[in-house]
Amino acid sequence: MLNIALPKGRLGETVYQRFAQAGFPCPSLLENSRKLTFENLEAGVRYFWVKPSDVAVYVERGAADIGVAGKDILLEYQPDVYELADLNVGKCRMAVAGFPGKPEAQTLRVATKFPNIAKSYFTSKGRDIDIIHLNGSIEIAPILGLSDVIVDIVETGKTLKENGLEVLEEIIPISARLIANKASYKFKKDTIQAITESL
Ligand code: PRP
């Protein structure tokens, strides 16, 4: 059995279709239920839906052999896994955003869900920063004066626009990646390589 962790949500459903086309279908997975694990003995696969930010944890610890995780999560948490392929879906970018104009503060207050990405970006620019670690609705922080800027994912740009904010600096493009547990890659190499190529 190959254990595959998929990110719950729309991206996961798109990605599952690609796995199905690659020869690893599991039709019960798309039934509208609250079940989280699905298997197809014939195809030799077991899928589970997990929170997108947790996929890398399951794969790193071997609970899943492979999985699909955003490059944002891989950069932030640096899990000890193999990154096998860029699936070219879930495309967005990591950016610094704020009110139009250059923020003046000497020590920039940065609100973000991605403290490590933010730290390494501003350190590489030689900027002094104060990280404010939030878990969501990051765009509110500059509006309420909690931070000068944010570091966050921008997909359509709609959330920024509707809150009067804009991209100030692009950090890095993001997309979904196929990742593998290192031991699984060794012991299930043929299957994992076949999936990687088909995807
Ligand atoms: C993400 C991200 C932005 C928004 C960007 O938030 O943090 O807020 O999507 O998308 P857009 O450019 O298409 O508007 P998410 O929906 O994950 O919710 P969150 O506020 O809980 O982080």
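**Overall make-up.** I began with the secondary structure and noted eight helices and eleven strands in the protein, bearing in mind throughout that this is a predicted model. Taking the principal axes as my frame, I found that the C-alpha atoms fill a box of roughly 60 × 35 × 25 Å. I then looked up burial and noted that, of the 199 residues in the protein, 42% are buried.

**Positive patch.** Next I went over the surface for charge, and I recorded a patch of positive charge there in which K8, R34, K51 and K113 gather. I followed up one of these residues, K8, and placed it in the loop that runs between β1 (2-7) and α1 (10-21). Is K8 buried, exposed or partly exposed? I entered K8 as partly exposed, because its relative accessibility is 49% and the exposed class begins only over 50%.

**Backbone angles.** I turned to phi and asked which residues other than glycine have a positive value. N88 is one of them, with phi near 60°, and I located N88 in the loop between β5 and β6 (92-98). Its relative accessible area is 48%, so I put N88 down as partly exposed. Q78 is another entry under this heading, since although Q78 is not a glycine, its phi is positive at about 45°. I found Q78 in the loop that joins α3 (71-77) to β5 (82-86), and with a relative accessible area of 59% I listed Q78 as exposed.

**S53 and P7.** I looked up S53 and found it in the loop between β3 (45-50) and α2 (55-60). How far apart are the C-alpha atoms of S53 and P7? I noted a separation of 7.9 Å between these two atoms, although the residues lie 46 residues apart along the chain. S53 has a relative accessibility of 26%, and I therefore counted S53 as partly exposed, given that buried would require a value under 20%.

**T112.** My last entry concerns strand β7 (residues 108-112), in which T112 is found. I listed T112 as buried, because its relative accessible area is 0%. I also asked what the side chain of T112 reaches, and I recorded the backbone nitrogen of F114, at 2.8 Å.

Conventions
Residues are numbered from 1 along each chain as its sequence is written. This is a predicted model: local features need pLDDT of at least 70, side-chain atom pairs count only at pLDDT 80 or more; totals for chains, interfaces and linings use all residues. Side-chain values use heavy atoms; hydrogens and water are left out. Patches are made of residues with over 30% relative accessible area and no salt bridge: like charges are joined within 9 Å, nonpolar side chains (Val, Leu, Ile, Met, Phe, Trp, Tyr) within 5 Å. Accessible areas come from the Shrake-Rupley method with a 1.4 Å probe; for residues, only the protein chains shown count as cover. A salt bridge is a side-chain nitrogen of Lys or Arg within 4 Å of a carboxyl oxygen of Asp or Glu. Lys and Arg count as positive and Asp and Glu as negative; His and the chain ends are not counted. The place of a charge is taken as NZ of Lys, CZ of Arg, CG of Asp or CD of Glu. Helices (H or I, at least four residues) and strands (E, at least two) are DSSP runs, numbered from the N terminus. Buried means under 20% relative accessible area, exposed over 50%, partly exposed in between (1.4 Å probe, protein chains only). A polar contact is a pair of N or O atoms within 3.5 Å; within protein, one must be able to donate a hydrogen and the other to accept it, and residues adjacent in sequence count only if both atoms are side-chain atoms.
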